[in-house]
Amino acid sequence: MSAPTRPAGGATGDDPARPVAPASPAANESTGPTASTGSTAGGGAVDRATPDRAGSAGGRPRRLPVSYVLPLRWADDAGLAELTDYLRWLATRVEVTVVDGSAPEVFARHARTWRGLLRHVPPDPALNGVNGKVVGVHTGVRAARHEHVVIADDDVRYDEIGLRAVHRLLHRVDLVRPQNYFDPLPWHAYWDTGRTLLNRALGADYPGTLGVRRSTFLGMGGYDPDVLFENLELIRTVRAYGGTEVAPAGLYVRRLPPDTAHFRGQRVRQAYDDLAQPARLLTSLAVLPALAAAARARRPGLLLGAVATTVGLAEVGRRRAGGAAVFPPATALAAPLWLLERGVCAWLAVGRRVLFGGVRYAGTRVRHAAHSERALRRRLH
């Protein structure tokens with residue numbers, strides 16, 4: 001399969017296609033369900049309490065030529081009212097498709113709630129895969145009417161600046177990786193933000209939302225629905241196909257934190273993702289042996305030095321591209337705790353791969369975290 005031709009300059013970086021901040025407060029209005037502070041993809045701070053009004057007429061927003069795909073599978077509707085408020089706002093800005101794999105009674109309740117508001121469809125029964133989210137994404141992208149598609153989890157909350165920024169970037173690249181941040185910040189969101197900051201310091205984070213060109217997605221045949229780390233699989237498939245990607249560190253998109261029970265249930269499963277990233281996996285596996293060696297040698301200075309280095313690295317990630325506006329200072333202190341947790345869970349994840357052949361996910365067992373780009377290139381070409 002031949003690779004697409006795209007303009008140069010689509011490599012990962014801070015400023016591939018810098019979104020334009022509002023010119024002045026007088027030219028703005030509140031356009032989203034939240035009022036938080038973020039920054040542009042180039043790193044300059046933006047006041048999201050007075051977002052972009054560009055393209056509006058008479059105070060009414062102009063719909064962007066963007067399709068928003070939300071794959072969903074809920075067991076209950078505890079968050080239905082809040083999500084519906086967000087979708088009501090969103091549907092005035094972009095085309096919205098919810099691909100709903102919930103149980104029949106929950107699906108029917110959603111259909112009644114969202115009738116006339118958005119497109120609400122079940123996953124395509126012709127599509128199979130252990131990862132229901134990927135099946136939902138395939139269904140939604142195929143149904144999309146626009147070339148620019150935003151794929152987002154049900155806990156992602158865009159504002160108008162974020163939507164417009166992704167739309168602009170997709171004129172130049174095939175895939176956009178925004179930067180999520182948690183708001184509000186319960187204790188476990190602080191904890192998990194330590195991971196985000198380390199990722200930002202060392203490269204780019206993996207968000208719960210991506211922007212993708214529909215023609216690229218369809219041209220490469222979508223991505224494998226039988227993997228656990230589906231966002232990494234999509235990113236690598238676009239690269240293997242020859243598409244371009246950008247991960248603007250300052251394109252901030254709000255994310256709601258999970259509840260505490262859900263957070264706890266994700267720990268080993270998220271560590272299993274590292275099986276698709278050997279360097280990260282080896283680093284995680286080395287944490288406990290390194291701690292044991294330092295303790296056995298009675299060298300507390302080594303431990304304190306490791307903690308200080310980890311906090312310092314997280315602080316670099318926190319300050320990158322105006323991140324201090326959305327990541328409170330104390331979040332950098334959580335990085336050593338997260339690293340210790342990952343050091344424990346990495347061994348548990350490897351154990352589940354060796355002993356059980358994979359990790360439990362949505363009632364089944366998944367063996368592959370994600371495929372390497374080399375394997376995907378062989379498959380595509």
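A polar contact is a pair of N or O atoms within 3.5 Å; within protein, one must be able to donate a hydrogen and the other to accept it, and residues adjacent in sequence count only if both atoms are side-chain atoms. The model is predicted, so local features need pLDDT (the predictor's confidence in each residue, from 0 to 100) of at least 70, side-chain atom pairs count only at pLDDT 80 or more, and totals for chains, interfaces and linings use all residues. Residues are numbered from 1 along each chain as its sequence is written, and side-chain values use heavy atoms, without hydrogens and water.

**Exercise 1.** Identify the residue that caps the N-terminal end of H4, and state how far H4 is covered.

*Solution.* Step 1: the cap is Asp159, with a side-chain oxygen 3.3 Å from the backbone nitrogen of Ile161. Step 2: helix H4 (helices are DSSP runs of H or I, at least four residues, numbered from the N terminus) spans residues 160–169, and 9 of its 10 residues are buried (under 20% relative accessible area, 1.4 Å probe, protein chains only). Step 3: Ile161 is itself among the buried residues, which also include Glu160, Arg164 and His167.

**Exercise 2.** Describe how H5 and H12 pack.

*Solution.* Step 1: the axes (lines fitted to C-alpha atoms over the stretch in contact, with angles from 0 to 180 degrees between N-to-C directions) of H5 (residues 187–202) and H12 (residues 335–356) are 7 Å apart, at an angle of about 95 degrees. Step 2: H5 is therefore roughly perpendicular to H12 (65 to 115 degrees). Step 3: contact (heavy atoms within 4.5 Å) involves Trp191 and Arg195 of H5, and Trp338 and Glu341 of H12, among others.

Notes:
Buried < 20%, exposed > 50% of the residue type's maximum accessible area, 1.4 Å probe, protein only. Helix = DSSP H or I, 4+ residues; strand = E, 2+ residues; numbered from the N terminus. Parallel < 35°, antiparallel > 145°, perpendicular 65-115°, else oblique.
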